Amino acid sequence: MTEGIDWHPGLGELPYSPIRHMFNTAAKMDDVIHLSIGQPDFPMPEHIADAMVKAIRDGHTGYALDAGLPELRRAVADFYSGYHGTSLGPDNVLITTGCGQTMFMALSAASKPEMEVVIVEPVFVFQHVIRMAGAIPRPIVTTAAEGYQLDPQQVRDAISEKTCAIMINSPGNPTGAVYPRSTVQAICDIAAERNLALISDEVYDRLILDGGEFAGVLGCADSLDNVIMTSSLSKSFSMAGLRLGWAISSERNIVDLQRYHMFISTCENTPTQWAGVAALTGDQGCVEEMVAAYRQRRDRIVPLVDAAPHLTGYTPGGAFFIMPSLPESCDSFEFAMRMLHEIGVCTIPGGTFGASCNNALRISFATSMEKIEAAFERMIPWLSRQSF
Ligand SMILES: Cc1ncc(COP(=O)(O)O)c(C=O)c1O
């Protein structure tokens with residue numbers, strides 16, 4: 001009998017994903033409507049698939065350079081220079097397996113033992129990486145009633161002499177909240193003043209539902225010396241399974257992350273990188289079409305949430321999520337599971353994204369309008385029968 005490996009204590013504290021728990025339970029049931037899925041429901045655009053197949057047929061199946069295919073680094077730099085009106089070169093870009101890998105690298109490299117990383121709740125899963133690295137997440141709380149907007153003063157107040165980094169995510173998962181330029185600008189300024197690493201997860205940067213410009217750190221920071229922006233092709237081009245993303249930062253930071261990258265994945269899938277070149281340099285109409293569909297669904301789901309008893313909604317400006325809150329006494333884990341069992345609607349408990357949002361539900365609209373309508377036809381009468 002073995003007692004198993006005496007792991008790093010951080011591993012023991014890693015929770016089993018409540019998202020998986022909901023999916024696994026739903027998989028054993030019939031007639032479930034999923035408002036739970038965190039990935040686009042559109043097919044990957046054909047010209048991108050063609051580019052990938054062509055790359056394989058042309059024999060581009062060996063290792064690529066460890067920082068990424070030069071053509072892709074150039075395409076990412078050119079795309080973001082245009083998107084944010086800034087001036088980036090290939091050396092500002094490191095190609096990775098996705099925003100998830102980039103966040104892992106950036107957070108584990110910037111989180112110093114016993115020091116604090118300021119995070120914003122509701123928060124997507126990466127606070128666990130901070131813990132694994134021996135640092136302490138220091139959460140700021142945002143609420144549905146305020147559209148999950150962040151007041152830069154909250155960031156100032158959360159910083160102490162123990163702070164080593166700040167992590168933000170706009171548009172956000174699970175909230176869909178998009179920060180205005182004034183907020184992003186202020187956070188960039190605070191990070192620069194205090195010499196803190198600012199890690200900005202912008203994986204939904206193309207899914208902006210209200211038109212106009214998107215304020216990302218690349219367009220707001222005076223310098224990238226302390227800033228790492230992370231994103232990927234997963235959401236914008238509906239190619240989450242192909243696994244391709246990037247870090248953008250100063251050339252010096254990219255060289256440092258490149259050294260780390262060598263030990264994690266050596267280099268990324270070469271044909272996928274050619275698909276990435278096709279995605280970023282080809283017609284962007286496919287992204288606009290998907291965004292238009294998400295916008296239509298968002299515009300339907302907001303009044304449905306408003307019509308649902310006990311839910312406090314708001315209008316998410318990006319991504320494909322809304323996270324309405326329930327009365328404070330509600331335990332989202334028990335509530336979401338009961339709703340799944342009783343009416344076959346699968347959502348994600350808000351508690352997954354932090355203790356401060358355990359009275360909320362993440363609802364994804366990466367699904368058809370018909371399914372959204374059908375889900376709320378079940379939810380509204382069921383919610384009206386609940387008391388708190
Ligand atoms: C906020 C956020 N960051 C990162 C990721 C991971 O993205 P990728 O597929 O690029 O690794 C996700 C995926 O759901 C996400 O929601």
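## Strands, core and domains: worked exercises

Strand S11 (residues 348-349) pairs with S12 in the antiparallel sense, over two bridges. Here, strands pair if DSSP finds at least two bridges between them. Strands are DSSP runs of E with at least two residues, helices are runs of H or I with at least four, and both are numbered from the N terminus.

You're looking at a predicted model, where local features need pLDDT of at least 70, side-chain atom pairs count only at pLDDT 80 or more, and totals for chains, interfaces and linings use all residues. Residues are numbered from 1 along each chain as its sequence is written.

**Exercise 1.** Find the partners of S12 and work out what happens on its two faces.

*Step 1.* Start with S11: Ile-348 has Arg-362 in S12 as its bridge partner.

*Step 2.* Now try strand S9 (residues 321-322), which also pairs with S12 in the antiparallel sense over two bridges. In that pairing, Ile-322 stands opposite Ile-363.

*Step 3.* In a regular strand, side chains alternate between the two faces of the sheet.

*Step 4.* Check each face of S12 (residues 361-364): Leu-361 and Ile-363 sit on one side, Arg-362 and Ser-364 on the other, and all are buried. A residue is buried if 20 or more other C-beta atoms, placed from the backbone, lie within 10 Å of its own (exposed means 12 or fewer, partly exposed in between).

**Exercise 2.** Which strands pair with S7, and in what sense?

*Step 1.* Strand S6 (residues 197-201) pairs with S7 in the parallel sense over four bridges, and Leu-198 stands opposite Val-227.

*Step 2.* Strand S8 (residues 245-248) runs antiparallel to S7 and is joined to it by four bridges. Here Met-229 has Ile-248 as its bridge partner.

*Step 3.* Look at the covering of S7 (residues 227-232): six of its six residues are buried. Val-227, Met-229 and Ser-231 are on one side, with Ile-228, Thr-230 and Ser-232 on the other.

**Exercise 3.** Where does the largest nonpolar core lie with respect to the two domains?

*Step 1.* Get the domains first: an automatic or database assignment gives domain 1 (9-43 + 286-382) and domain 2 (48-281).

*Step 2.* Next, the core (buried Ala, Val, Leu, Ile, Met, Phe, Trp, Tyr and Cys residues joined through C-beta atoms within 7 Å). The largest one has 118 residues, and those with the most contacts inside it include Leu-107, Cys-188, Leu-198 and Val-217.

*Step 3.* Helix H5 gives the most to this core, with seven residues.

*Step 4.* Both domains give residues to this core, so it lies between them.

*Step 5.* Zoom in on Val-217: leaving aside neighbours within four places in sequence, its contacts include Cys-188, Leu-198, Val-227 and Met-229. Contact means C-beta atoms, placed from the backbone, within 7 Å.

**Exercise 4.** How many residues of each domain are in contact with the other?

*Step 1.* Count both sides: 37 residues of domain 1 are in contact with 32 residues of domain 2.

*Step 2.* See who supplies the domain 1 side: H12 gives the largest share, seven residues.

*Step 3.* Sort that side by class: 21 nonpolar, twelve polar and four charged residues. For this, Ala, Val, Leu, Ile, Met, Phe, Trp, Tyr, Cys and Pro count as nonpolar, Asp, Glu, Lys and Arg as charged, and the others, Gly among them, as polar.

Notes. Contact = placed C-beta atoms within 7 Å.
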